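Biologist: Could you take a close look at one part of this model for me and then place it in the chain as a whole? I would enjoy a connected walk-through.

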Amino acid sequence: MAKISAQQRAANQERYDAVILDTFFNEGHLAVTLGAIAKKLGIQRSTLQSYYPNGPMAATKGKIFPVVIQKLDFTSAEELRASWVTAMSDMKFRYVMELLIATATEKKNAQASAGLKRLYDLVSDSTGASYSLTDELLGITIRMLMLDE
């Protein structure tokens with residue numbers, strides 16, 4: 001196998017990240033597998049794995065939370081509740097919430113834990129509400145996901 005330059009590797013990484021993010025935001029986290037992404041890119045699974053030894057979802061780090069934030073109105077608890085319910089009809093937001101709920105109980109998922117903590121702190125700091133408001137929003141999320149609302 002021929003070696004590639006650092007510049008080419010960075011360009012590949014950028015292209016792979018874009019496909020992974022696009023897949024996540026259009027199909028959800030379950031569609032982001034090494035095999036599926038490699039097929040979309042027309043490369044070998046092992047090539048992709050060399051870029052993402054911990055799995056392709058690593059490409060989403062730092063790129064998911066902003067999608068959540070931009071959909072929400074933090075001016076008050078009432079506005080946040082209303083914007084949250086509205087945001088649940090946006091598939092990108094919904095896929096982020098599905099990922100959060102799916103990974104919330106994984107003890108080794110530091111990224112999900114950090115994202116959840118940031119969400120709790122942001123809601124508390126911006127609305128002055130206690131953590132119970134975030135608990136309520138997550139409950140609404142689970143209900144809407146389960147009942148496909």
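Modeller: Happy to! In this predicted model, Leu147 counts as exposed because its relative accessibility is 54%, and the cut-off for that label is over 50%. Along the chain, Leu147 sits in the segment that follows helix 8, which spans 131-146. Leu147 also takes part in a nonpolar surface patch, together with Ile101, Ile142 and Met146, and the patch covers about 390 Å².

For the wider surface, the chain exposes about 8800 Å², with carbon and sulfur atoms supplying 56% of that area. On the inside, 40% of the 149 residues are buried.

Now to the fold around it. The chain contains eight helices and zero strands, so to speak a plain run of α-α-α-α-α-α-α-α when read along the sequence. Its C-alpha atoms fill a box of roughly 60 × 30 × 25 Å along the principal axes. Among contacts with a separation of 6 or more, 59% join residues 24 or more positions apart.

One helix pair is worth a visit too. Two packed helices are described by the angle and the distance between their axes. For helix 1 (residues 6-27) and helix 2 (residues 34-41), the axes come within 10 Å and cross at roughly 120°. This crossing of helix 1 and helix 2 is right-handed. Helix 1 brings Arg15, Tyr16, Val19, Ile20, Thr23 and Glu27 to the contact, while helix 2 brings Ile37, Lys40 and Leu41.

Definitions and conventions:
Residues are numbered from 1 along each chain as its sequence is written. This is a predicted model: local features need pLDDT of at least 70, side-chain atom pairs count only at pLDDT 80 or more; totals for chains, interfaces and linings use all residues. Side-chain values use heavy atoms; hydrogens and water are left out. Patches are made of residues with over 30% relative accessible area and no salt bridge: like charges are joined within 9 Å, nonpolar side chains (Val, Leu, Ile, Met, Phe, Trp, Tyr) within 5 Å. Accessible areas come from the Shrake-Rupley method with a 1.4 Å probe; for residues, only the protein chains shown count as cover. A salt bridge is a side-chain nitrogen of Lys or Arg within 4 Å of a carboxyl oxygen of Asp or Glu. Helices (H or I, at least four residues) and strands (E, at least two) are DSSP runs, numbered from the N terminus. Buried means under 20% relative accessible area, exposed over 50%, partly exposed in between (1.4 Å probe, protein chains only). Axes are lines fitted to C-alpha atoms, for helices over the stretch in contact, and angles run from 0 to 180 degrees between N-to-C directions. A crossing is left-handed if the near helix is turned anticlockwise from the far one by less than a right angle, and right-handed if clockwise. Contact means heavy atoms within 4.5 Å.
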